[in-house]
Amino acid sequence: MSQLFTAVYEITSAIEGNPTLRLNLVVNALNDSVMGHARVDFSNGESAGISIRGHHTEIDSGEPLRAVVLAGLPSIFPSVEEEPSAFQLLMVLPTASKDGQACYKMSFGDTRQPRIVEVRDGVARAMLPELASAE
């Protein structure tokens with residue numbers, strides 16, 4: 001029996017540019033490792049993506065919360081100057097009764113003077129994989 005499953009999340013924010021982050025993830029339930037792809041789309045039509053990997057974990061609190069911690073895997077030979085060079089994310093996973101919360105940071109371009117998108121008010125929602133691929 002396979003211990004792999006897919007998960008698709010959409011994270012929206014009200015900051016300038018109204019970025020929408022889409023996470024397409026594969027989770028290994030045996031070791032809680034996560035890998036996949038993150039793509040951010042802005043209201044002006046601009047978009048960028050990066051490969052990611054991380055870990056699925058539980059946060060101890062009054063009620064147990066499930067979370068994902070992810071980091072970007074920048075390409076060795078970037079093909080576009082504005083390709084993301086770094087990515088970090090912490091997301092408390094959404095449940096059936098409430099939205100999740102997320103904060104992330106993505107850097108683009110020259111590492112000496114990168115353009116940075118930082119979201120601290122992300123609202124995370126699970127999506128059906130079929131709906132995510134149709135967009």
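**Strand pairing of β1 and two positive-phi loop residues**

In this predicted model, strands β1 and β2 run antiparallel and are joined by 9 bridges. Strand β1 also pairs with β8, again in antiparallel fashion, through 5 bridges. Two residues that are not glycines, Asn18 and Asp32, have a positive phi.

**Pairing of β1**

- The antiparallel pair of β1 and β2 has 9 bridges, and within it Ile11 has Leu21 of β2 as its bridge partner.
- Strand β8 covers residues 115–127 and is joined to β1 by 5 bridges.
- On the β8 side, Thr12 stands opposite Val123.

**Asn18, between β1 and β2**

- Asn18 is located in the loop that links β1 (4–12) with β2 (20–28).
- The phi of Asn18 is positive, at about 40°, although the residue is not a glycine.
- Most residues other than glycine have a negative phi.
- Asn18 is classed as partly exposed because its relative accessibility is 41%, which falls between the limits of 20% for buried and 50% for exposed.

**Asp32, between β2 and β3**

- Asp32 belongs to the loop between β2 and β3, the latter strand covering residues 33–41.
- Although Asp32 is not a glycine, its phi is positive, at about 60°.
- With a relative accessibility of 31%, Asp32 therefore counts as partly exposed.

Notes. Residues are numbered from 1 along each chain as its sequence is written. This is a predicted model: local features need pLDDT of at least 70, side-chain atom pairs count only at pLDDT 80 or more; totals for chains, interfaces and linings use all residues. Side-chain values use heavy atoms; hydrogens and water are left out. Helices (H or I, at least four residues) and strands (E, at least two) are DSSP runs, numbered from the N terminus. Buried means under 20% relative accessible area, exposed over 50%, partly exposed in between (1.4 Å probe, protein chains only). Two strands pair if DSSP finds at least two bridges between them.
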